[in-house]
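The exercises below concern the model shown here. Each one sets a task and then works through it step by step.

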Amino acid sequence: MPYDANLLRQLRNEIPIDRVITDILKLPAKRINQILRFTCPKCRNRHTATSREHNLARCFDCNQSFNPIDLVMCTTKCDFVDAVESLKKYL
């Protein structure tokens, strides 16, 4: 199922990455010095941070960056289509 580029842009940029981590996926997380640290779904380490400016999450141990779609895919082990469908309701 092809998706409109505008929809994909909205999912990546308009659903705050902090919300995806804490409210949608409910990953273990803690705010330290105003930086959200979370458990990386790939390597399970906590050397992580988010960038509100770029709406990305990053793990510095496994060098993985996640946008909201990537994070849902990695955490829930679903494919791209399922991740997009699960995030659409949060726009």
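**Exercise 1.** Which residue in S4 does Thr 50 stand opposite?

Solution. The model is a predicted one. Begin with the strand: Thr 50 lies in S3. Strand S3 runs antiparallel to S4, and 4 bridges join the two. Across from Thr 50, on S4, is Ala 57. Further along the pair, Thr 48 stands opposite Cys 59 in S4.

**Exercise 2.** Describe the sheet: its strand order, its edges and the turn between neighbouring strands.

Solution. Step one is the order. The sheet is open and holds 3 strands, arranged S3-S4-S5 with antiparallel pairing. Step two is the edges. Strand S3 (48-51) and strand S5 (64-66) each pair on one side only, which makes them the edge strands. Step three is the geometry. On average, and with direction ignored, neighbouring strands are turned by 20° against each other.

**Exercise 3.** Work out how S4 is connected and paired with S5, and compare the hairpin turns.

Solution. Strand S4 covers residues 56-59 and pairs with S5 in the antiparallel sense over 3 bridges. Two of the partnerships can be named: Cys 59 stands opposite Gln 64 in S5, and Arg 58 has Ser 65 as its bridge partner there. Now take the turns. S3 and S4 form a hairpin with 4 residues between them, and Asn 55 in that turn has a positive phi of about 55°. S4 and S5 also form a hairpin with 4 residues between them; in this turn the residue with a positive phi of about 55° is Asn 63.

**Exercise 4.** Assign the residues of S4 to a covered and an uncovered face.

Solution. Start from the general rule: in a regular strand the side chains alternate between the two faces of the sheet. In S4, the covered face carries Ala 57 and Cys 59, while Leu 56 and Arg 58 are on the uncovered one.

**Exercise 5.** Identify the helix that packs on the sheet and list its buried residues.

Solution. Helix H2 (residues 17-24) packs on the sheet and touches S3, S4 and S5. The direction of H2 makes about 130° with that of S3. The buried residues of H2 are Ile 17, Asp 18, Val 20, Ile 21 and Ile 24. After H2 comes Lys 26, with a positive phi near 55°.

**Exercise 6.** Is Thr 50 buried or exposed, and what does its side chain meet?

Solution. Thr 50 has 17% relative accessibility, so it counts as buried, the limit being under 20%. Next, look at the contacts. Leaving aside neighbours within four places in sequence, Thr 50 is in contact with residues including Ile 17, Asp 18, Ile 21, Leu 36 and Phe 38. With Asp 18 there is a polar contact of 2.8 Å between the side chains.

**Exercise 7.** Characterise the packing of H1 against H4.

Solution. Helix H1 (residues 5-14) and helix H4 (residues 80-88) pack at an angle of about 70°, and their axes are 11 Å apart. H1 is therefore roughly perpendicular to H4, a class that spans 65 to 115 degrees. From H1 the contact uses Leu 7, Leu 8 and Leu 11; from H4 it uses Phe 80, Val 84, Leu 87 and Lys 88. By type, these residues divide into 6 nonpolar, no polar and 1 charged.

Technical notes. Residues are numbered from 1 along each chain as its sequence is written. This is a predicted model: local features need pLDDT of at least 70, side-chain atom pairs count only at pLDDT 80 or more; totals for chains, interfaces and linings use all residues. Side-chain values use heavy atoms; hydrogens and water are left out. Two strands pair if DSSP finds at least two bridges between them. Axes are lines fitted to C-alpha atoms, for helices over the stretch in contact, and angles run from 0 to 180 degrees between N-to-C directions. Contact means heavy atoms within 4.5 Å. Buried means under 20% relative accessible area, exposed over 50%, partly exposed in between (1.4 Å probe, protein chains only). A polar contact is a pair of N or O atoms within 3.5 Å; within protein, one must be able to donate a hydrogen and the other to accept it, and residues adjacent in sequence count only if both atoms are side-chain atoms. Angles under 35 degrees count as roughly parallel, over 145 as roughly antiparallel, 65 to 115 as roughly perpendicular and the rest as oblique. Ala, Val, Leu, Ile, Met, Phe, Trp, Tyr, Cys and Pro count as nonpolar, Asp, Glu, Lys and Arg as charged, and the others, Gly among them, as polar.
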